[in-house]
Amino acid sequence: MKISYFWTASTIITGRGSLARISDEVKNLGATKILVVTDPILSKSGLVERVREALVPAGLEVGLFSEVEPEPSLEIVMKCQQAIKESGCDLLIAVGGGSSIDVAKAASVLATNGGKIRDYIGVNLVPNPGIPVIAVPTTAGTGSEVTPIAILSDVDEEVKKGMVSSYLIPRVAIVDPELTVTMPPHITAATGMDALTHAVEAYISVNATTITDVLALEAIRLISRNLRTAVANGQDMEARSNMAMASLLAGIAFANAGVAAVHALAYPLGAQFHVPHGVANSVLLPYVMEFNLLGVLTKFKTMAMAMGERVEELSDRMAADKFIESIKQLATDVRVPLHMRELGVTAEAIPGMAESAIKITRLLANNPRRLTVDEIKEIYERAL
Ligand SMILES: [Fe+2]
C-alpha cells in the first residue's frame, strides 16, 4: 500500500434541518462578524434571511456579498475580497451552488495572503490559511463544501483555472437536503450528473485509495437509485437526502483521489460555449469512459454492479459496456444531452478545444489512461 493522505472539512453536519446548527458552529469558531457570500437569486429567496435570523439574535453582525455569478470570474473573487476588507469580517458563510462556495474559498485566502489572485492559481501556491469558511450547499453535485479547489473563469483567456490548496477546504460543511428541494429539474439533473462524474473519476483515478473507493462506490449506488426520482419529484425528501449524501461522498472522494479526463475535456465546453459544468461532464462521461475502460476493466465491472446492473455472470469487458450503457440511460432519463452538438458545439471548434484540454495536466495526470491531442479530438468527435 502506497502512502496517501486524506483531507476533508473539520466538521461535516448532515441531515434535514441541519442548517439550524449554524449559529453553534459560528460560536465554536469564535467569530463575531460574518459575511454571507451568495448569488443575487438566492439572496432574494428567503434562505439568506433564514441564515441571518439564525445569527443576529446571537449578537453576531451579518453582512452580505451577493454578486456571485455562474462560472465565476477572477474579478468576482477580487470584489469579494474587497467586501471582506470593508466589512472587517472574521468568518465567511458561503450559501449556494459551487460558484458561491468557490468564490468564498478563493476570496478567504486572498484576504489573508494579500497579493494578486493569479499568484495563487495552480497547485499548492497559497502560503497561509484564509478566513474560516462555513459552506452551505444548496445544490447536490459540486462537492465544493469539502474540496480544496476553486474553479474560476479567466475571462481574458477564455479558460477555466483551478486554485488548489488544502487551505481552501471549508472548516465546516452543513449539508441540509431541505435546501435542495427548490432546485428545478434541469439543475437537479446536471448537478447530479456532475456528482456521478466525480464518483466515477475518483474511483478509477490513479490516486484512488481504499477510503476514496468506498465513498465513490456508495455515491454511484445512491445516484443510480435516486437521481431519477429527485428530477421527477423535487419534493421527494428521501431522494433529495440521498442525492445530498451522494454529492458529499463523491466530493470527499474526489477531493482526495482527484477528477480526471472528463473534467479536463469539459472545461473548454464551459469556457468557450458556456455549457453548465454538470452538463459538460455528463455529455463527455460515456465517451471518455469508452476510452478509459481498457486499463481498468475490473473497476468498470464493480461500477456496473454499483449502478444496479446484473453483470455477475458477464465477462469484465461486457460488464464494462453495461456500465457505459447504464450511464447513458441515466443521462437520457434525466434529459441531459448525449451529444455536444445539442449544446451548440461545432466540429470546427474541436481542434482548439483539444489544444485547451491537453494543457490541463493537473487533471489528466489522474486519468487511468494517458491521452494524446489526437485521442482527445477523437473523443470529442464521438461525443459531437
Ligand atoms: Fe465537477
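A polar contact is a pair of N or O atoms within 3.5 Å. The views below come from a predicted model.

**View 1. Asp-236 caps the N-terminal end of helix 8.** A side-chain oxygen of Asp-236 lies 3.1 Å from the backbone nitrogen of Glu-238. Helix 8 itself covers residues 237-257. At the other side of the view, just after helix 8, sits Gly-258. Gly-258 takes a positive phi of about 90 degrees.

**View 2. Helix 8 has the span expected of its 21 residues.** At 1.5 Å a residue, helix 8 should span 30 Å. Its end C-alpha atoms are 30 Å apart, so the model agrees with the expected value. Helix 8 is also mostly covered. Of its 21 residues, 17 are buried.

**View 3. Helix 10 packs on helix 15 at an angle of about 130 degrees.** Helix 10 takes in residues 277-292, and helix 15 takes in residues 373-383. Their axes are 9 Å apart. An angle over 145 degrees would count as roughly antiparallel, and 65 to 115 as roughly perpendicular. Helix 10 and helix 15 are therefore oblique to each other. Their crossing is right-handed. From helix 10, the contact uses Val-283, Leu-284, Tyr-287, Val-288, Glu-290 and Phe-291. Helix 15 contributes Glu-375, Ile-379, Tyr-380, Arg-382 and Ala-383.

**View 4. Helix 7 and helix 12 cross at roughly 20 degrees.** Helix 7 spans residues 210-232 and helix 12 spans residues 316-333. The two axes come within 10 Å. Angles under 35 degrees count as roughly parallel, so helix 7 is roughly parallel to helix 12. The crossing is left-handed. On the helix 7 side, the meeting residues are Ile-223, Leu-227 and Arg-228. They meet Gln-329, Leu-330 and Asp-333 of helix 12.

**View 5. Ile-34 is a buried residue of strand 2.** Strand 2 comprises residues 33-37. Ile-34 has a relative accessible area of 2%. Buried means under 20%, so Ile-34 qualifies. Neighbours within four places in sequence are left aside here. Beyond them, Ile-34 is in contact with Val-26, Leu-55, Leu-60, Glu-61, Val-62 and Gly-63. Cys-89, Leu-91 and Ile-93 also contact Ile-34.

**View 6. Ile-34 and His-186 are 152 residues apart along the chain.** The C-alpha atoms of Ile-34 and His-186 are separated by 32 Å.

Terms used:
Residues numbered from 1 in each chain as written. Predicted model: local features only at pLDDT ≥ 70, side-chain atom pairs only at ≥ 80, totals over all residues. Heavy atoms only, no water. Helix = DSSP H or I, 4+ residues; strand = E, 2+ residues; numbered from the N terminus. Expected span 1.5 Å × (residues − 1). Buried < 20%, exposed > 50% of the residue type's maximum accessible area, 1.4 Å probe, protein only. Polar contact = N/O pair within 3.5 Å; in protein donor to acceptor, adjacent residues only side chain to side chain. Axes fitted to C-alpha atoms, helices over the stretch in contact; angles between N-to-C directions. Left-handed = near helix turned anticlockwise from the far one by under 90°. Contact = heavy atoms within 4.5 Å.
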